[in-house]
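Reader: I am new to this structure and would enjoy a close look at a single part. Please show me the largest pocket and the packing of helices that help to line it.

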Amino acid sequence: QNKLAHAYLFSGPRGIGKTSTARILAKALNCETGPTIKPCNKCPACLEINEGRSMDVLEIDGASNRGIDEIRSLRENVKFAPSSSRFKVYIIDEVHMLTTEAFNALLKTLEEPPAHVKFIFATTESHKVLPTILSRCQRFDFRKISSSGIVAKLKKLVSREKIDTQDDVLFALARSADGSLRDAEVILDQLNSFGRGRITLEDVNAVLGLVSRQAVVELAEYMIEGKVPDSLEYLDKLLAGGKDPGQLAGALIEHFRDIMLIKSGAEKLVDLSEEDKKQTAGQSEKLDLSRVLYCLAILSQSEERIKRQGMGRLFLELALIKVAGRDKFLSPERLVDAVGRMEQLLGKLKAGAAALPQAPAPTPTPTPSPDSKPRASVPKSSLEIKPQSPTPGEDSGAERSYQPQPKEPAPEAREEPEAFEKNTVTATAGQEGNEVEAVRQRWAEVITAVKQINMPVGFYVSHGVPLKARNGVLEVGFSKEAEFYRENLAQEENLRILAKALNEVMGLNFKISPVRSEKPLETGAASPPIKATDKESAAEMNDFISHAVDEFNGFIVQDD
């Protein structure tokens, strides 16, 4: 279209021809018949560029000339016209190595370059190039060369150099080059010097330190058939022969990846010779896709741990045991089934917890007359306490009994759990009334009644001690160490359960206020807890565990 950009950016992996393409572009621009898409390679400009002696095509290494001083020198030189060519071409390789200051110094020249100057940048890491530079370049992304493309090129070189080799050798070279034609050519030249005109697969494995494909296939066969001892013995043989555990893990990953592609119907993506591809397809028929994915996950994890932690032999042996002995471990299918059963069990537990009887909200007791007697539902003997030494202003002969006052509940007795936090008080022994003594004497029975309604709530209550009762509110004290149980009991639903149990056992209608006590408390000191048989204890514990699983959304881990 007779349109030329003033700056080009070639990006892509190493060894795929970025710099070579830049030289070809320079020839296309400066050829006597150009600008043309097919340089003649015969004119002086083309010959000078091919031989690397052109004064107008300058190649600069960005890693070695990355400072601002070198870029300033370049800016001064671009002002001069080319000596003999049509354009002055600057090829900057690994341009991402330039410093930020150097990029900024180059920015103005890129924005308004002289008409006779062209820039060609090459980089393997385009994301490191400043956006201001990228926006002023015409970008081309280079891709890796396929293994079949590399093999085709190697065949031409082998034929030209008269090297005796086989296709499986060239495929091994192509796979080890990982899409880089330059690496493949360098390895071929090295092997030619090593083999003196004849290259075998053993030579490739020896020079590159690779694991032979046959060894990988045989080891994978042991793993697929579940032969743990045979796979470990064969691994020991390979390691004794000097093979690296990390390379072995990588070779196995490549092999199982090929199996995965074949199982997924993407056989065209497998870079193998036809014979090797048939062999891999035969192994793939022995596995389902889920098993292949499992093998890849285990091997990938082992390779990562080998790189990070060392101990290659140990981690590779663990991988072989997990893959070959997979049937001895919990399979994903069994795990999914176990999780399903657990979800059903938790659903039943939640349904059971929702069906628990709800205690009615406690209401204040009507005010009795001053000469009224205690309620018939509570034995008088349990409420009457021997008179203590009178305090000033009190009648020492007066009989004390539980008589709630007609006042409104105290602020700390509100039903909201937050109220208990805001109204935490410190209780002392001198404030305890006779009515509290009656509750203390039967506190163990109250705890048992609570456990029959809700086991976790009974567990919380068992860490508290009745302190005092006033204005229809029973304060239950908890020590500093039992703060966790006090906070859980302070929930509105749990308070209702305790109030209901207290009403059933003693016929008392109290609102409950869990408070923090600054003094140590002895839970159950007033009366010993009711003893239960082993079966009853086990049943209570199982009930408590079930509720704990439901409450914290957990699961039970049981060791065989």
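Author: Here is a walk from the pocket to two of its lining helices and their partners.

This is a predicted model, in which local features need pLDDT of at least 70 and side-chain atom pairs count only at pLDDT 80 or more, while totals for chains, interfaces and linings use all residues. Residues are numbered from 1 along each chain as its sequence is written, and side-chain values use heavy atoms, leaving out hydrogens and water.

Let's start with the space itself. The largest pocket (an open set of points on a 1 Å grid over the protein atoms alone, where a 1.4 Å probe fits, with protein on both sides within 12 Å along at least five of seven lines) holds about 1,100 Å³ (the space filled by probe spheres set on the points, which are joined across faces, edges and corners). Its lining numbers 37 residues, each with an atom within 4 Å of a point. Nearest the centre of the pocket you will find F171, A172, R175, S176 and E254. Helices (DSSP runs of H or I, at least four residues, numbered from the N terminus) that give two or more residues to this lining are helix 6 (147–161), helix 7 (167–177), helix 9 (201–208), helix 10 (213–225), helix 12 (245–263) and helix 13 (274–284). The lining is a mixture: 13 residues are nonpolar (Ala, Val, Leu, Ile, Met, Phe, Trp, Tyr, Cys, Pro), 12 are charged (Asp, Glu, Lys, Arg) and 12 are polar (the others, Gly among them).

Now follow helix 12 to its partner, helix 14 (residues 289–309). Their axes (lines fitted to C-alpha atoms over the stretch in contact) lie 9 Å apart, and the helices pack at about 155° (on a scale from 0 to 180 degrees between N-to-C directions). Helix 12 and helix 14 are therefore roughly antiparallel (over 145 degrees). They cross in a left-handed way (the near helix turned anticlockwise from the far one by less than a right angle; clockwise is right-handed). In contact (heavy atoms within 4.5 Å) are, among others, L252, I253 and F256 of helix 12 and L293, L296 and L299 of helix 14. Overall, this contact has 14 nonpolar, three polar and three charged residues.

Helix 9, also in the lining, packs with helix 8 (residues 181–195) at about 110°, their axes 10 Å apart. That makes the two roughly perpendicular (65 to 115 degrees). This crossing is right-handed. I187, Q190, L191 and F194 of helix 8 meet D203, V204, V207 and L208 of helix 9, giving six nonpolar, one polar and one charged residue.

Key: Parallel < 35°, antiparallel > 145°, perpendicular 65-115°, else oblique.
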